[in-house]
Amino acid sequence: MKPRLMTSAAVLALTGGLAAAGGAGAGEIEPAPPIAVQQNQADKDIEQLKRDMEALKALAAYQQGEMDRQSQELEAQRQKMALIEAGLGGPGYQIGTFAGPRPAAVPLAQAGGAARIQTVQAPAPAQTMQQQPQPQPQPQPQQQSQPQTQGSVDAPRGTNVLTPPGRFVIEPSLEFSHTSSNRFVVGGAAVLDTVLIGAFEATQARRETVTATLGVRTGIMNRLEGEIRIPYVYRSDRTTNTILATETTTATTDISSHDLGDIEAALHYQLNEARPGEPVLIANLRVKSDSGRGPYDVSRTTSGPTAGLETELPTGSGFWGIEPSVTFLMPSDPVVFFGNIGYMWNIARDINKSIGGALVERVDPGDSIRFSVGMGLAMNERTSFSLSYSYDYIYPTDTRIDGVKYSTETLHVGALTFGVNYQLRDDFGINFSVGAGLTEDAPDMRMILRTPFSF
């Protein structure tokens, strides 16, 4: 740099000297500054350039730190919101329910993080040091006017917790349940087998059921989701029956059957946007068909003292049902609270079928009030667990036989369920839950394995 500056100064000095020697016609030119002054100015420019470069490096480091912090907050929020999808249950199905079908997961494919992202605009590349404004010291991020309290979480405004339009969630599941109750409950409807006709009572029972279900969810429009579930049921019952008329005990029967279960369809609509400190409310409407083999569709014995006993088992309730319900989700870092309350209306129908010498005219299966509440906790970015309690109050079933009305007792189905979820990838996870019955009418034990994946 110095040789170039000295050469320019010499040329300038020489030009100035020649112009001055040329007389008044050449004009008056100021003498060139001394070489030492020019070199000193160049050194100052270099030092200023170095300071500018250091300031730009500090600005870039600050921006990188902000991006890293925001990425961590976004990831934490994604895991927190994905906790709901990981097995907390949700729209249209009692969360953690024991009596009915397993709760539908709540997808959160587009739930963004709640970090307060601050956009920092970098200065434009300098054309020259003379044209570039001097960088100002980068201000430190201002503290929030209302500090976030312990146990709260910033839910991003406008978050949609349902499946977005154009996206699908496929959820295969496998369920095993064991019960020693003579009550068999399917989706909020009691299937009491032969006790419905008032001729027999199962005094001892051991029922085991395996249900393989394929569930599909998709977004119809913003904040509206559709779902369908197709179950296939295998049942194995070992029961000892008593003839009510004579109070004599019949031989123990051991029956197994398998067939299509009751296909279900549901709509879920998110009522409100997610806001910090407020729950997300979801309205659900579930329709249960009678596609499964009902208790009045199975074959039975036709003669002898045990005429009317099943020789095969029902795999469905045999009745249509409609269930409106409301689900709430309340994030509270690092926990997500959830709950559901609904009413299951089981539609009565005429049977007009002779069973064991008695004419079963009409059956009105008992409706049910369904309630559940629970919480989920993220252990790390991939693992979470949930704990929930569910309760079904099932009204009596009314059966008209030979013109006489018979009613069963009310049923109380309560259960405690514990679930663990491991997220293998963002679009694929594994959920395993175990439930224990807390009331006499509830299944003794229930296990469910689910493997939802989205695309």
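Me: What makes strands 11, 12, 15 and 16 an open sheet with edge strands?

Reply: In this predicted model, four strands form an open sheet in the order 11-12-15-16, and their pairing is antiparallel. Strand 11 (349-355) and strand 16 (404-407) each pair on one side only, and they are the edge strands. Direction ignored, neighbouring strands of this sheet are turned by 25 degrees against each other on average.

Me: How do you know that strand 12 and strand 15 pair?

Reply: Pairing requires at least two bridges between two strands. Strand 12 (residues 358-364) and strand 15 (residues 398-401) are joined by four bridges, so the criterion is met, and the two run antiparallel. Within these strands, V360 stands opposite I401 of strand 15.

Me: Why is the pair E175 and R446 called a salt bridge?

Reply: The cut-off is a side-chain nitrogen of Lys or Arg within 4 Å of a carboxyl oxygen of Asp or Glu. The closest N and O atoms of E175 and R446 are 2.7 Å apart, and therefore the pair qualifies. The pair links distant parts of the chain, with E175 in strand 1 (residues 168-179) and R446 in strand 19 (residues 445-450), 271 residues apart. Both E175 and R446 are buried. The structure holds 20 salt bridges.

Me: What makes R207 and D237 a link between separate parts of the sequence?

Reply: R207 belongs to strand 4 (residues 200-221) and D237 to strand 5 (residues 224-243), so their salt bridge ties together parts that are 30 residues apart in sequence. The closest N and O atoms of this pair are 2.4 Å apart, which is within the 4 Å limit. R207 and D237 are both buried.

Me: How do you know that R217 and E225 form a salt bridge, and why are these residues called buried?

Reply: The N to O distance between the side chains of R217 and E225 is 3.9 Å, and the limit is 4 Å, so the pair counts as a salt bridge. Buried means under 20% relative accessible area. R217 has 2% and is therefore buried; E225 has 0% and is therefore buried as well. Elsewhere, salt bridges that share partners join E264, R286, E323, R370 and D392 into one network.

Me: Why is S289 called buried, and where is S289 found?

Reply: S289 has a relative accessibility of 9%, and the cut-off is under 20%, so S289 counts as buried. Its place is the loop between strand 8 (280-288) and strand 9 (321-332). Leaving aside residues up to four places away in sequence, S289 touches D262, I263, F319 and W320.

Me: What makes the approach of S289 to S291 a polar contact?

Reply: The side chains of S289 and S291 meet at 3.1 Å, and a polar contact needs N or O atoms within 3.5 Å. The pair therefore satisfies the distance criterion. The side chain of S289 also reaches the backbone oxygen of I263, at 2.9 Å.

Me: How do you know that G376 is buried?

Reply: The relative accessible area of G376 is 0%, which is under the 20% cut-off, so G376 is buried. G376 is located in strand 13 (residues 368-378). From C-alpha to C-alpha, G376 and P331 are 9.4 Å apart in space, while 45 residues separate them in sequence.

Notes
Residues are numbered from 1 along each chain as its sequence is written. This is a predicted model: local features need pLDDT of at least 70, side-chain atom pairs count only at pLDDT 80 or more; totals for chains, interfaces and linings use all residues. Side-chain values use heavy atoms; hydrogens and water are left out. Buried means under 20% relative accessible area, exposed over 50%, partly exposed in between (1.4 Å probe, protein chains only). A polar contact is a pair of N or O atoms within 3.5 Å; within protein, one must be able to donate a hydrogen and the other to accept it, and residues adjacent in sequence count only if both atoms are side-chain atoms. Contact means heavy atoms within 4.5 Å. Axes are lines fitted to C-alpha atoms, for helices over the stretch in contact, and angles run from 0 to 180 degrees between N-to-C directions.
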